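Open the model in your viewer and keep the sequence panel beside it. This tour says what to select at each stop and what is there.

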Amino acid sequence: MQQNASRDSWSFEKTEERLAAIMRNIHNTCAETAEEYGALGDYVLGANIAGFERVAAAMTAFGVI
């Protein structure tokens, strides 16, 4: 999506590097959030709570809540 929006063309290596960084960030966020809420290793719970927190932060930033 970013390539299309900026009318850019990335090499296969750059695309793989960016995707790997995104996936590492997702994994770390899920694992850290699950641990923070006392559910070590529960990636589903970590993902759900992290997603909820991001939506709540965005809603607060926009003055919705």
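**Stop 1: a tryptophan**

Select Trp10: it is buried, with a relative accessible area of 17%. Buried means under 20% relative accessible area, exposed means over 50%, and partly exposed lies in between (1.4 Å probe, protein chains only). Trp10 sits in the loop between helix 1 and helix 2 (12-36). Helices (H or I, at least four residues) and strands (E, at least two) are DSSP runs, numbered from the N terminus.

Now show what surrounds Trp10. Leaving aside neighbours within four places in sequence, Trp10 is in contact with Gln2, Gln3, Thr15 and Arg18. Contact means heavy atoms within 4.5 Å. Add Asp8 to the selection: its side chain makes a polar contact with the side chain of Trp10, at 3.3 Å. A polar contact is a pair of N or O atoms within 3.5 Å; within protein, one must be able to donate a hydrogen and the other to accept it, and residues adjacent in sequence count only if both atoms are side-chain atoms.

**Before moving on**

This is a predicted model: local features need pLDDT of at least 70, side-chain atom pairs count only at pLDDT 80 or more, and totals for chains, interfaces and linings use all residues. Residues are numbered from 1 along each chain as its sequence is written, and side-chain values use heavy atoms, with hydrogens and water left out.

Colour the chain by pLDDT, the predictor's confidence in each residue, from 0 to 100. The mean for the chain is 93, and 100% of its residues reach 70 or more. Where is confidence lowest? Look at helix 1 (residues 2-5), with a mean of 74. Confidence is highest in helix 3 (residues 43-61), at 97.

**Stop 2: the whole chain**

Zoom out. The chain has three helices and zero strands. Its radius of gyration is 16 Å, well over the 11 Å that the globule rule gives for 65 residues, so the chain is more spread out than a compact globule. The radius is taken over C-alpha atoms, and the rule is 2.2 Å times the number of residues to the power 0.38. Along the principal axes, the C-alpha atoms fill a box of roughly 40 × 35 × 10 Å. Of the 65 residues, 11% count as buried.

**Stop 3: helix 2**

Select helix 2. It has 25 residues and reaches 36 Å from its first C-alpha to its last, close to the 36 Å expected at 1.5 Å a residue. The expected span is 1.5 Å times one less than the number of residues.

Which residues of helix 2 are buried? Pick Cys30, Thr33 and Ala34. The buried residues of helix 2 pack against helix 3.

Stay on Thr33. At 6% relative accessibility, Thr33 counts as buried. A polar atom of its side chain lies 2.8 Å from the backbone oxygen of Thr29. Not counting residues up to four places away in sequence, Thr33 touches Gly46, Ile49, Ala50 and Glu53.

Step to Gly38, just after helix 2. Gly38 takes a positive phi of about 75°.

**Stop 4: helix 3**

Start at Asp42. This residue caps the N-terminal end of helix 3: a side-chain oxygen lies 3.4 Å from the backbone nitrogen of Val44.

Next, select Tyr43, which is found in helix 3. Is Tyr43 buried or exposed? Tyr43 is partly exposed, with a relative accessible area of 39%. Not counting residues up to four places away in sequence, Tyr43 touches His27, Cys30 and Ala31. Try a distance too: Tyr43 and Asn28 are 15 residues apart in sequence and 9.7 Å apart in space, C-alpha to C-alpha.

Then select the full helix. At 1.5 Å a residue, the 19 residues of helix 3 should span 27 Å, and its end C-alpha atoms are 27 Å apart, which agrees.

**Stop 5: past helix 3**

Select Phe62, in the segment after helix 3. At 71% relative accessibility, Phe62 counts as exposed. Draw a line from Phe62 back to Trp10: their C-alpha atoms are 33 Å apart, with the two positions 52 residues apart along the chain count. Finish on Gly63, which follows helix 3 and has a positive phi, near 75°.
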